[in-house]
Amino acid sequence: MPASLDATLRLVVLTAFIFNTVLVLVYVERKVLGHIQQRLGPMRTGFHGVLQTPADAIKLLVKEDLTPTTADRWVFRLAPFLVFVPVFMMFITLPFTRELAVRHLDLGIFYLVSFSSLHIVGMIMAGWGSDNKYALLGGVRAAAQLISYELPLAFAILGVVLLAKTLNLQEVVELQATAPFLVLQPLGFLIFLISSLAELSRTPFDIPMAESEVVGGPMIEYSGMRWAMFFLAEYANLFVTSAVAAVVYLGGWLWPFLPPADLAGGWAAHLVGLAWFMAKTFALILAIIWLRGTLPRLRIDQLMGFAWKLLIPFSFLNLFITAAAAVYGGFLLLLGWVATGGFAYAIYAVSRRRP
């Protein structure tokens, strides 16, 4: 098969995978949150409501697309694309198995971190172009939040880069054949997970979309398919962020604490690796959904203070411990577990503090 045709086929398959994954995630979240809150969730459309999400998608496709009269039309219309396209680009270098990826890049981690911050521009454009004070406030909040939490997220991944001495995601996974990097980077994993919640604007960091304060955030003036693109980007980003955590910290497609499985090669090995990868990814997704159904929303001052007073200092500490271990010996990585305990206690102390 020609290289150009093979790349096109992979992109088509990837696009179909993203859309279907989003449909599954929306249904799973609604059902899981329903059970957490002692209700049933979707039940009427299809068996146990399984067709409710496709019905909602069709409704959004045929719904009227409205543009405010005073909006900046070009900025307003381009904003959804600048939110979704960077998330789509992140899937391109994501390794599902040793061979299953659209493109293996030597600078894969750098590529992911770079594209993960581009959707900030789309959120600001959506708030500014709508000519709505609530949308503008939501866009400014989103920019402040995403920029603040981008720093500890990047520093957490940098700790893994120091250990692996590579930016290639495939090589990072293969270096975890004996034990996942979670064992060596517990503090980095926690910081990455918490920062990811803020990057996704998920509870308790859903300040830009706080209905009680800014009604609907930057996308308040959007309708139909343009609004759906924000929704699509949110759930696609939920999957890709969990997948990156599975690859960087949990060994990706490798079996935990065991050498790579060699199941007669071919499709058997691919399917087993893909099953492990998807199991780890969906376990993280379910944990994020569980946190949404459990934790209350933070105030804007609590959110910003948490990033600058806790996450960034501890991410620097994790980076310092990892660098010291790389120079003076891996035994210093044990200090990472001590720092993790201190980080957990700091979160507990902050949560007990009266407002």
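These questions and answers cover two helices that pack together and one buried residue in a predicted model. Local features need pLDDT of at least 70 and side-chain atom pairs pLDDT 80 or more, while totals for chains, interfaces and linings use all residues. Residues are numbered from 1 along each chain as its sequence is written, and side-chain values use heavy atoms, without hydrogens and water.

Q: At which residue does α3 bend by about 30°?
A: α3 covers residues 73-92. The bend is the angle between axes fitted to the seven residues ending at a residue and the seven starting there. A proline, Pro80, follows within four residues of the bend, which is at Ala79.

Q: Are α3 and α4 roughly parallel or antiparallel to each other?
A: α4 spans residues 108-116. The two helices pack at about 170°, with axes 9 Å apart. Angles under 35 degrees count as roughly parallel, over 145 as roughly antiparallel, 65 to 115 as roughly perpendicular and the rest as oblique. Therefore α3 and α4 are roughly antiparallel.

Q: Which residues in α4 meet Pro86, Met89, Met90 and Ile92 in α3?
A: Contact means heavy atoms within 4.5 Å. On the α4 side, the partners are Tyr111, Leu112, Phe115 and Ser116.

Q: Is Ile288 buried or exposed?
A: Ile288 lies in helix α12, residues 266-292. Buried means under 20% relative accessible area, exposed over 50%, and partly exposed in between (1.4 Å probe, protein chains only). With a relative accessible area of 4%, Ile288 is buried.

Q: What separates the C-alpha atoms of Ile288 and Ser242?
A: Ile288 is in contact with Ser242. The two are 46 residues apart along the chain. Their C-alpha atoms are separated by 9.0 Å.

Notes:
The expected span of a helix is 1.5 Å times one less than its number of residues. Axes are lines fitted to C-alpha atoms, for helices over the stretch in contact, and angles run from 0 to 180 degrees between N-to-C directions. Lists of a residue's contacts leave out its neighbours within four places in sequence.
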